[in-house]
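Reader: Could you take me through this structure one feature at a time, with the general idea placed before the particular case?

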Amino acid sequence: MRVLVVEDEAELLRVIARALRENGYAVDEAREGEDGLYKAMTWTYDAIVLDLMLPGLTGWEILKRLRRKLQTPVLILSARDTVKDRVEGLDLGADDYLIKPFALSELLARLQALIRRAAGKAAPEITIGDIVVNLRTRAVTQDGRSVELTAREFAIVELLALQRGVLVTRTRIYEHIFDENDDSLSNLVEVHISNIRKKLGKDFITTRRGQGYIIEAEPESPSGGSR
Ligand code: CA
């Protein structure tokens with residue numbers, strides 16, 4: 001999952017970006033409003049962490065302009081803790097609000113919940129046949145046994161599992177698992193997919209030739225009677 005962090009306090013930005021990367025996110029950074037809005041409108045993010053008091057454009061202004069075009073989940077970070085500020089942020093289309101100072105664990109939990117909800121999945125565990133993907137602990141089990149995935153492999157599984165039943169193009173995978181500083185040519189999606197299949201079985205992810213990848217939707221239960 002790829003996140004944009006817009007925060008002008010250099011040390012806080014560094015700490016947040018590091019925590020997110022340690023938790024498997026691709027992270028883009030912006031230190032002032034104009035750059036934040038530009039990136040938010042230009043790249044595809046799974047969520048945006050947005051400070052309110054910024055040089056250039058304020059967080060409110062970014063949010064207002066962003067919401068005319070995009071529904072990307074936005075978590076506001078701010079030292080402004082009056083009720084009026086929170087209500088204004090939510091009225092402009094923010095999805096959640098965290099007051100500084102905050103615990104990184106809470107930021108991570110809230111961000112993860114926003115991303116899950118945007119994909120229509122409220123629970124942190126996704127079950128696919130005998131495979132269980134836990135998005136909070138980033139653990140994968142098959143038949144109850146733990147399967148070790150690399151951070152990149154997990155990021156791909158996470159994206160496809162959240163979009164289960166939907167074809168995900170290779171471009172989309174690139175957009176969601178690599179950040180703006182990542183230009184390494186060794187990061188071939190095909191290689192990661194192949195390694196995931198070695199670990200979780202060749203049928204876990206289906207290739208649609210020339211189109212992309214999909215984790216097939218759950219088969220309809222025979223007793224469902226919906227047909
Ligand atoms: Ca600030």
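Author: What follows moves from the whole chain to one sheet, then to some backbone angles and two helix residues. Please keep in mind throughout that this is a predicted model.

Reader: Which secondary structure elements does the chain have, and how many of each?

Author: The chain has eight helices and twelve strands. Its radius of gyration is 19 Å, close to the 17 Å that the globule rule gives for 227 residues, so the chain is as compact as a globular protein of that length. Along the principal axes, the C-alpha atoms fill a box of roughly 55 × 45 × 30 Å.

Reader: What share of the residues count as buried, and what share of the contacts join residues at least 24 apart?

Author: A residue is called buried when its relative accessible area is under 20%, and 45% of the 227 residues meet that description. Among contacts between residues at least 6 apart in sequence, 59% join residues at least 24 apart. The accessible surface comes to about 11500 Å², and 51% of that area belongs to carbon and sulfur atoms.

Reader: How many positive and negative side chains are there?

Author: There are 33 positive and 36 negative side chains, and the centres of these two sets lie 4 Å apart.

Reader: How should I read a sheet, and in what order do the strands β10, β11 and β12 lie?

Author: Strands of a sheet pair through backbone hydrogen bonds, either parallel or antiparallel. Here three strands form an open sheet in the order β10-β12-β11, with antiparallel pairing. The strands β10 (168-169) and β11 (206-208) stand at the edges, each with a single partner strand, so one side of each is left without a neighbour in the sheet. Two bridges join β10 to β12, which covers residues 212-214, and the bridge partner of T169 in β12 is G212.

Reader: Where does the backbone have a cis peptide bond, and which residues other than glycine have a positive phi?

Author: Most residues other than glycine have a negative phi, and most peptide bonds are trans. In this model a cis peptide bond joins K100 and P101, with omega about -5 degrees, and P101 is found in the loop between β5 (96-99) and α5 (104-118). As for phi, R138 has a positive value near 55 degrees, and D143 likewise has a positive value near 55 degrees. R138 lies in the loop between β7 (131-134) and β8 (139-142), while D143 is found in the loop between β8 and β9 (145-147). R138 counts as partly exposed, at 21% relative accessibility, whereas D143, at 56%, counts as exposed.

Reader: Turning to the helices, is L20 buried or exposed, and which residues is L20 in contact with beyond its neighbours in sequence?

Author: L20 belongs to helix α1, residues 10-22, and is buried, with a relative accessible area of 1%. Once its neighbours within four places in sequence are left aside, L20 is in contact with V3, V5, Y25, V27, L108 and L111. The C-alpha atoms of L20 and V5, which are 15 residues apart in sequence, lie 9.7 Å apart in space.

Reader: What does the same reading give for E190 in helix α8?

Author: Helix α8 covers residues 189-200, and E190 counts as partly exposed at 32% relative accessibility. Leaving aside neighbours within four places in sequence, E190 is in contact with R170, Y174 and Y213. E190 and T207 are 17 residues apart along the chain, and their C-alpha atoms are separated by 9.9 Å.

Definitions and conventions: Residues are numbered from 1 along each chain as its sequence is written. This is a predicted model: local features need pLDDT of at least 70, side-chain atom pairs count only at pLDDT 80 or more; totals for chains, interfaces and linings use all residues. Side-chain values use heavy atoms; hydrogens and water are left out. Helices (H or I, at least four residues) and strands (E, at least two) are DSSP runs, numbered from the N terminus. The radius of gyration is taken over C-alpha atoms; the globule rule is 2.2 Å times the number of residues to the power 0.38. Buried means under 20% relative accessible area, exposed over 50%, partly exposed in between (1.4 Å probe, protein chains only). Contact means heavy atoms within 4.5 Å. Accessible areas come from the Shrake-Rupley method with a 1.4 Å probe; for residues, only the protein chains shown count as cover. Lys and Arg count as positive and Asp and Glu as negative; His and the chain ends are not counted. The place of a charge is taken as NZ of Lys, CZ of Arg, CG of Asp or CD of Glu. Two strands pair if DSSP finds at least two bridges between them.
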